[in-house]
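Could you walk me through this structure, starting from a residue inside it and working outwards? An informal tour is fine.

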Amino acid sequence: MVLSAQLKGVVRLQEGTRVEVHSLEKKAELNGLVGRCLQFDPSKLRWGVQLPDGAKVLLKMANLRPLPDEISDAVGAHVVATTAAAEEAPAPAAAAPPPPSA
């Protein structure tokens, strides 16, 4: 039996968070790059992100995916442990047949 979990909640980015750029259409060449969040610009609703080449760009939060090592272990470890335990658990044993009646 394989369990699946869908976590609902809010991703909270902060300065220094490592993120992967994704789903850009006009600057598709940036998709897949990993950068660091700099500052949030509330007037533009965009995060400043520094890319590996040193370039700084402003991107919507919807185009930023935090890297797995940036996600809290408290949530990630629980889901992984729960799923792994379910996958490794032995199948339930069949019930023993009732003893013959006399």
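Val 19 is buried, because its relative accessibility comes out at 0%, and the cut-off for that label is under 20%. Keep in mind that this is a predicted model. Val 19 sits in strand β1. Setting aside neighbours within four places in sequence, its contacts are Leu 13, Leu 33, Val 34, Gly 35, Cys 37, Val 49, Leu 64, Arg 65, Pro 66 and Leu 67. Take Leu 64 from that list: Val 19 and Leu 64 are 45 residues apart in sequence, yet their C-alpha atoms are 5.8 Å apart in space.

To place those contacts, step back to the sheet. Five strands form an open sheet in the order β4-β3-β2-β1-β5, with antiparallel pairing. The edges belong to β4 and β5 (64-66), and each has a single partner strand, so one side of each has no neighbour in the sheet. On average, neighbouring strands here are turned by 45° against each other, ignoring direction.

Now go through the pairings, beginning with β1. Strand β1 covers residues 18-21 and is joined to β5 by three bridges, the two running antiparallel. One pair to look for is Val 21 with its bridge partner in β5, Leu 64. β1 also pairs with β2 in the antiparallel sense, again over three bridges. There, Glu 20 stands opposite Val 34 of β2.

Carry on to β2 and β3. Strand β3 spans residues 46-50, and its antiparallel pairing with β2 runs over four bridges. Here Cys 37 has Val 49 in β3 as its bridge partner, and both of these residues are also among the contacts of Val 19. β2 and β3 make a hairpin with four residues between them. Have a look at Leu 45 in that turn, where phi is positive at about 55°.

Back to the other end of β2, and the loop that leads there from β1. His 22 is found in this loop. Is His 22 buried or exposed? It is buried, because its relative accessible area is 15%, and under 20% is what the label asks for. Leaving out residues within four places in sequence, His 22 is in contact with Asn 31, Ala 62, Asn 63, Leu 64 and Arg 65.

Leu 24 belongs to the loop between β1 and β2 as well. Leu 24 is buried too, with a relative accessible area of 15%. Not counting residues up to four places away in sequence, Leu 24 touches Leu 30, Asn 31, Leu 59 and Asn 63. Leu 24 and Lys 60 lie 36 residues apart along the chain, with a C-alpha to C-alpha distance of 9.6 Å.

Both Leu 24 and Lys 60 help line the second largest pocket, which has a volume of about 210 Å³. Which other residues line the second largest pocket? They are Glu 25, Lys 26, Lys 27, Leu 30, Arg 46, Val 57, Leu 58, Leu 59 and Asn 63. Strand β4 (residues 56-59) supplies the largest share of this lining, with three residues. By character, the lining residues divide into five nonpolar, one polar and five charged. So the tour ends at β4, one of the strands at the edges of the sheet.

Methods: Residues numbered from 1 in each chain as written. Predicted model: local features only at pLDDT ≥ 70, side-chain atom pairs only at ≥ 80, totals over all residues. Heavy atoms only, no water. 1 Å grid on protein atoms, 1.4 Å probe; cavity = no way out; pocket = protein on both sides within 12 Å on 5 of 7 lines; lining within 4 Å. Points joined across faces, edges and corners; volume = space filled by probe spheres on them. Nonpolar A, V, L, I, M, F, W, Y, C, P; charged D, E, K, R; others polar. Pairing = 2+ DSSP bridges. Axes fitted to C-alpha atoms, helices over the stretch in contact; angles between N-to-C directions. Buried < 20%, exposed > 50% of the residue type's maximum accessible area, 1.4 Å probe, protein only. Contact = heavy atoms within 4.5 Å.
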